[in-house]
Amino acid sequence: MLRVLGEVSVDGPGALRSRAQRIILAALVIDKDQVVTADRLAELVWGSDQPEHPNASLQNHVSRLRRVLGDTGAVVAQGTGYRLEVAPAALDVGVFEAAFARACERPVEERIIDLEEALDLWHGEPFTELDDPRAQAERTRLGQAQR
């Protein structure tokens, strides 16, 4: 499972080994199923302190990220950027939202099971390493749902 409801991580044999990989994955999760340009990812990862060859460095991090993801999801190169393909059940945010939606449809006395499942997925503040308005908006949206 890809986890972003707290520090960005991936369940499985591999581990995210760098801040850059966590930022790339978090940015791709926020814009899931949409292309995030390489320029935007480079800006999120390095800001104004870009490496000499940012696209090559970004490709290196994406390659390593793909190995960590394994069968959990795929980072697909498309046009001038990358897109994350992941099933909602393989993403903690997707599981959280599904459990929360189920709870809202159930009778009040039965909601606790789904709400506990949803809240158990949280292990900290989401998207904290991203200094970005989209990340802030997603943190706010998810935080309101959590309450």
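A nonpolar core is a set of buried Ala, Val, Leu, Ile, Met, Phe, Trp, Tyr and Cys residues whose side-chain atoms link up within 4.5 Å. Buried means under 20% relative accessible area, exposed over 50%, and partly exposed in between (1.4 Å probe, protein chains only).

The model is predicted, so to speak of local features takes pLDDT of at least 70 and side-chain atom pairs count only at pLDDT 80 or more, while totals for chains, interfaces and linings use all residues. Residues are numbered from 1 along each chain as its sequence is written, and side-chain values use heavy atoms, with hydrogens and water left out.

**Exercise 1.** Work out which elements feed the largest nonpolar core.

*Solution.* Start with the 42 residues of this core: Leu2, Leu25, Leu69, Val75, Leu84, Phe127 and Leu130 touch the most other members. Next, look for elements giving two or more residues: α1 (19-30), α2 (38-46), α3 (54-69), β5 (81-85), α4 (92-105) and α6 (133-146). Helices (H or I, at least four residues) and strands (E, at least two) are DSSP runs numbered from the N terminus. Top contributor: α1, with nine residues.

**Exercise 2.** List what Val75 is in contact with, skipping neighbours within four places in sequence.

*Solution.* Contact means heavy atoms within 4.5 Å. That gives Leu28, Val62, Leu65, Arg66, Leu69, Tyr82, Arg83 and Leu84 for Val75.

**Exercise 3.** Is Phe127 buried or exposed, and what about Asp33?

*Solution.* Take Phe127, in the loop between α5 (111-120) and α6: its relative accessible area is 1%, so it's buried. Phe127 isn't a glycine, yet has a positive phi of about 60°. Now Asp33, in the loop between α1 and β3 (36-37): relative accessibility is 46%, so it's partly exposed. Asp33 also has a positive phi, about 70°, without being a glycine.
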